[in-house]
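Subject: Structure for you to look at

Hello,

I am passing on the structure we talked about, and I would be glad if you opened it before reading further. My notes come after it, so that you can follow them with the model in view.

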Amino acid sequence: MTTTTTRTSRRGLGGGLRATSKVLPEHARAHNRSLVLQHLFHEGPTSRAGLSRSTGLTRVTVSDLVGVLLAEGLVEELGTQPGRRVGKPAILVGMRTDAYQIVGLDLSDDTVLRGAVLTLTGEAVDRQVLPVDGRRGQDLVDLLARFARRLVASATRPVIGIGVGSPGVVDDTGRVVEAPNVEWSDLPLAALLTDRLGLPVHVANDANSAALAEYTYGGGGDSMIVLTVGKGVGAGVMVDGARVHGAGDAAGELGHVTVVEEGGQPCACGRRGCLETVLSAPALRRATDGLDAHEAEAVLADVGRTLGKTLAPVVGALNLGEVILAGPPELLAEPLRTAALETITARTMPATSAGLDLRMAALDDDVVLAGAAVLVLGAQLGVS
């Protein structure tokens with residue numbers, strides 16, 4: 001069975017994100033379409049013969065799919081392939097990544113909603129922010145719907161969908177199971193917004209969205225964990241090229257793991273001493289407020305050691321290659337990152353932590369927005 005040349009899952013939990021080979025006939029049409037778009041998205045313009053070789057599909061199947069994609073305006077012919085002089089010139093086919101746009105929404109900040117109109121390659125063509133002003137519950141849903149509508153109106157190309165990176169536990173239908181920081185529980189957010197906006201809406205946990213962004217756009221490896229540090233703390237986990245969901249769609253909820261046994265601060269989840277109470281952006285700001293540079297570095301290093309103790313079992317169990325932090329760089333600076341990496345290394349076997357990279361997200365403040373775009377790409381086009 002032939003596989004594509006794009007980066008793929010080898011032994012992913014539940015299967016890899018990216019289509020890799022031919023499947024059963026009843027699913028073949030959509031799967032093969034994804035194979036073609038996946039290759040064009042990641043590898044660039046390719047001839048029909050090249051697509052056939054790379055995907056393992058027959059030339060007839062590829063020609064048929066390309067014809068449909070041309071009619072839909074998703075791909076275009078770009079002229080003949082240079083350097084070929086023998087036989088009929090090969091015509092290159094490329095994906096029209098600038099012909100459609102995506103609206104992305106980032107709800108990870110505790111003070112503002114962040115939104116953007118993005119190209120299919122994750123480039124923001126319009127960014128907007130809207131103050132939250134303490135809204136929670138249904139009021140926040142209403143504000144989010146108005147904000148999304150405004151962003152759709154600002155798009156300069158047809159919008160194929162809306163992606164939302166939300167705090168809390170989110171299931172695969174876009175239902176927010178629980179998000180205590182914004183007082184959402186059993187909220188069918190994707191369905192509500194789809195009904196209001198008349199466009200496909202896809203919702204995932206903000207940290208999972210960040211992991212998808214780093215994997216698709218940021219050069220992230222096949223096995224990594226991405227921690228989002230904002231009003232809360234979340235984590236998205238990738239193992240062998242597949243996002244880990246967990247039994248209740250709550251994989252990565254490290255923010256509500258107890259790390260302070262005695263005297264811990266109360267958490268929004270109702271318990272005390274959760275990682276969120278020491279690592280969230282508000283907690284870090286409170287802890288370093290009024291301190292001189294040396295004192296602040298010592299505090300941040302102590303938080304880094306707490307983070308390292310929390311992550312060591314995860315890195316050891318899953319043999320992760322990267323730990324990526326997404327959040328305020330001035331708070332997640334070298335003292336915190338260095339202490340965290342040293343602690344992980346000291347608490348795990350060399351075989352599991354050798355070469356471990358602990359870094360800031362390559363996409364900076366756009367990481368959740370870009371991940372929201374990947375949600376739409378995957379759901380609407382089969383591309384990730």
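Below I go through two pairs of helices and one residue in a strand.

Please keep in mind throughout that this is a predicted model.

I would start with helix α2, which covers residues 48–55 and is mostly covered, since six of its eight residues are buried. The buried residues are A49, G50, L51, S52, S54 and T55. Just after α2 comes G56, a residue whose phi is positive, near 85°.

Helix α2 packs with helix α3 (residues 59–72), and the two axes come within 9 Å of each other while crossing at roughly 120°. An angle between 115 and 145 degrees falls outside the ranges for parallel, antiparallel and perpendicular, which is why α2 is called oblique to α3. The crossing of these two helices is right-handed. On the α2 side the contact is made by R48, A49, L51, S52, R53 and T55, while α3 contributes R59, V62, S63, V66 and L70. Sorted by class, the residues in this contact of α2 with α3 are five nonpolar, three polar and three charged.

The second pair is made up of helix α4 (residues 137–154) and helix α5 (residues 189–197), whose axes lie 10 Å apart and meet at an angle of about 45°. Here too the angle makes the arrangement oblique, this time of α4 to α5, and the crossing of α4 and α5 is right-handed. From α4, the residues Q138, V141, D142, L144, A145, A148 and R149 meet L189, L193, R196 and L197 of α5. The contact of α4 with α5 divides into seven nonpolar residues, one polar residue and three charged residues. When you look along a helix, it may help to remember that an α-helix has 3.6 residues a turn, so residues three or four places apart point the same way.

Finally, please find D186, which sits in strand β10 (residues 184–187). Is D186 buried, exposed or partly exposed? With a relative accessibility of 48%, D186 counts as partly exposed, because the exposed class begins over 50%. Apart from neighbours within four places in sequence, D186 is in contact with R175, V176 and V177. D186 and V176 are ten residues apart in sequence, and their C-alpha atoms are 5.6 Å apart in space. With R175, the side chain of D186 makes a polar contact to the other side chain, at 2.6 Å.

Best wishes

Technical notes:
Residues numbered from 1 in each chain as written. Predicted model: local features only at pLDDT ≥ 70, side-chain atom pairs only at ≥ 80, totals over all residues. Heavy atoms only, no water. Buried < 20%, exposed > 50% of the residue type's maximum accessible area, 1.4 Å probe, protein only. Helix = DSSP H or I, 4+ residues; strand = E, 2+ residues; numbered from the N terminus. Contact = heavy atoms within 4.5 Å. Polar contact = N/O pair within 3.5 Å; in protein donor to acceptor, adjacent residues only side chain to side chain. Axes fitted to C-alpha atoms, helices over the stretch in contact; angles between N-to-C directions. Parallel < 35°, antiparallel > 145°, perpendicular 65-115°, else oblique. Left-handed = near helix turned anticlockwise from the far one by under 90°. Nonpolar A, V, L, I, M, F, W, Y, C, P; charged D, E, K, R; others polar.
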